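The exercises below are meant for a reader who is meeting this structure for the first time. Please work through each task with the sequence and the model in view before reading its solution.

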Amino acid sequence: MGHQVIIFDFSAIRGLWEIRVKKHKDRQKEEKQRLEKSSLEKIKEEWNFMLECRKKGIPQSKYLKNGFVDTSMEILDKMEKNSQLRKKRALSDASDKERSKYIFQISGEHWTEIPDSLKEQTHLKEWHINNTKIQTIPAYIALFQELKVLELSKNQITHLPVEIGCLKKLKELNVSFNNLKSIPPELGNCENLEKLDLSGNLEIMELPFELSNLKQVTFVDVSANKFPSIPICVLRMSSLLWLDMSSNNLKDLPQDIDRLDQLQTLLLHRNRLTYLPHALINMKKLSMLVVSGEELVEMPTAICESTTGLKFISLKDNRYETIPCQETEEIESERDREKFEKEFMKTYIEDLKERDSVPAYTTKISFSLQL
């Protein structure tokens with residue numbers, strides 16, 4: 001028996017979640033301030049230090065002075081010089097240092113451009129650039145032939161260079177929550193790409209057909225954009241397991257959507273869908289389907305009666321009419337709202353996936369979040 005959950009008060013659930021997150025953060029802040037003023041933190045530090053000394057066989061006379069614990073790390077350093085533990089730690093540090101040689105990472109709004117010195121480090125395998133004011137990616141990225149991960153989320157990037165197509169070993173590309181309006185066709189040359197995240201750019205309306213070459217892609221997230229339909233190139237990604245098209249301008253689905261015969265999760269909520277095609281029944285591996293049900297008037301009954309274990313979630317959540325909540329902080333921009341919505345839905349869907357079963361019909365639902 002398949003599972004259908006119809007949620008009528010989803011906006012209220014989201015508002016409750018916002019309140020709980022805010023209260024949790026306030027409690028964390030209060031607890032941190034309390035501990036800073038309390039002697040308990042000092043006692044805890046001394047106790048942990050004493051336990052560490054005992055493990056290393058350090059006598060009390062080395063760290064007790066007039067009845068007080070001397071938590072100076074110099075004591076441990078002196079006793080560890082010739083110990084096996086220090087050797088292991090040195091090996092671990094060396095391993096971390098070796099790995100860090102292949103990773104470039106910057107974050108913070110004080111960054112407005114990528115430093116020129118980066119072009120000399122073509123051995124790098126990963127770029128992690130987040131929460132900056134960087135707007136452009138340099139063309140010399142083509143020199144980084146070993147690059148496997150390009151994580152560029154939450155910046156102000158306006159376009160991707162065509163040279164990105166030279167990255168033959170690239171496996172992950174995340175340019176979510178930037179200012180992109182289009183994607184270069186050359187990205188289709190990255191045939192080893194497995195994960196593509198373009199969510200939250202708000203203005204992307206189409207993807208180039210050349211992306212049909214990405215046969216290794218298993219994860220595509222193009223949510224929070226302006227796609228009027230599922231791109232043709234996406235329907236040709238034969239290995240796709242996860243597709244998120246939520247928060248776009250979809251009004252219908254292609255009749256040949258069952259070409260995605262490996263797809264397991266399909267997220268379509270916050271669109272304008274009026275019907276679901278019969279082809280969805282042919283997608284035997286589809287286990288999670290989420291849609292918004294305000295305008296949905298037609299769908300195959302077999303979706304809810306399927307023996308495949310499909311969880312069909314119909315959310316009654318009008319994206320244009322949110323329930324005001326006086327206890328939540330005002331979110332400044334549409335992009336901030338989309339970030340929050342995405343975080344909320346990720347938590348919600350993960351919770352559903354962990355359940356062995358879900359109610360067959362629900363008019364109201366209480367959503368609890370463990371913080």
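**Exercise 1.** In which loop is the place of asparagine 271, and is this residue buried or exposed?

*Solution.* The model used throughout is a predicted one. Begin with the position along the chain: asparagine 271 belongs to the loop between β11, residues 265–267, and β12. Next, consider its cover: the relative accessible area of asparagine 271 is 8%, and because buried means under 20%, asparagine 271 is buried. Then look at its polar partners, where the side chain of asparagine 271 reaches the backbone oxygen of leucine 268 at 2.8 Å, while a polar atom of that side chain lies 3.4 Å from the backbone nitrogen of asparagine 249. Finally, with neighbours within four places in sequence set aside, the residues in contact with asparagine 271 are Met245, Ser246, Ser247, Asn248, Asn249, Leu250 and Ser292.

**Exercise 2.** Find threonine 112 and work out whether it is buried or exposed.

*Solution.* The loop to search is the one between β4 and β5, where threonine 112 lies. Its relative accessibility is 52%, and since exposed means over 50%, threonine 112 counts as exposed. Leaving aside neighbours within four places in sequence, threonine 112 still has contacts, namely with Lys133, Ile134 and Gln135. As a last step, compare positions in sequence and in space: threonine 136 is 24 residues away from threonine 112 along the chain, and their C-alpha atoms are separated by 9.2 Å.

**Exercise 3.** Describe how β4 is joined to β5, and say which residues form the covered face of β4.

*Solution.* The two strands run parallel, and 5 bridges join them. Within this pairing, isoleucine 106 stands opposite isoleucine 129 of β5. Turning to the faces of β4, the covered one consists of Phe104 and Ile106, whereas Ile103, Gln105 and Ser107 make up the uncovered one.

**Exercise 4.** Which residues touch the most other members of the largest nonpolar core, and which elements give two or more residues to that core?

*Solution.* This core holds 64 residues, and the two that touch the most other members are Trp127 and Leu289. The elements that contribute two or more residues are β4 (103–107), β5 (126–130), α5 (232–235) and β12 (288–292). The greatest contribution comes from α5, with 3 residues. A separate core lies apart from this one and has 12 residues, including Val21, Leu267, Tyr348 and Ile349. For a closer view of tryptophan 127, set aside its neighbours within four places in sequence; among its remaining contacts are Phe104, Ile114, Leu118, Ile137 and Glu151.

**Exercise 5.** How many disulfides does a search of the whole structure find, and why does cysteine 166 have no bond to the closest cysteine sulfur?

*Solution.* The search finds 0 disulfides. The closest cysteine sulfur to that of cysteine 166 is in cysteine 190, at 8.3 Å, and this is too far for a bond, because a disulfide needs sulfur atoms within 2.5 Å. As for cover, cysteine 166 counts as partly exposed at 34% relative accessibility, while cysteine 233, at 1%, counts as buried.

**Exercise 6.** How many helices and strands does the chain have, and what share of its residues is buried?

*Solution.* The count gives 7 helices and 13 strands. Of the 371 residues in the chain, 43% are buried. The accessible surface comes to about 20800 Å², with 48% of it belonging to carbon and sulfur atoms.

Technical notes
Residues numbered from 1 in each chain as written. Predicted model: local features only at pLDDT ≥ 70, side-chain atom pairs only at ≥ 80, totals over all residues. Heavy atoms only, no water. Core = buried A, V, L, I, M, F, W, Y, C linked by side-chain atoms within 4.5 Å. Buried < 20%, exposed > 50% of the residue type's maximum accessible area, 1.4 Å probe, protein only. Helix = DSSP H or I, 4+ residues; strand = E, 2+ residues; numbered from the N terminus. Contact = heavy atoms within 4.5 Å. Pairing = 2+ DSSP bridges. Polar contact = N/O pair within 3.5 Å; in protein donor to acceptor, adjacent residues only side chain to side chain. Areas by Shrake-Rupley, 256 points an atom, 1.4 Å probe, with all protein chains shown as cover.
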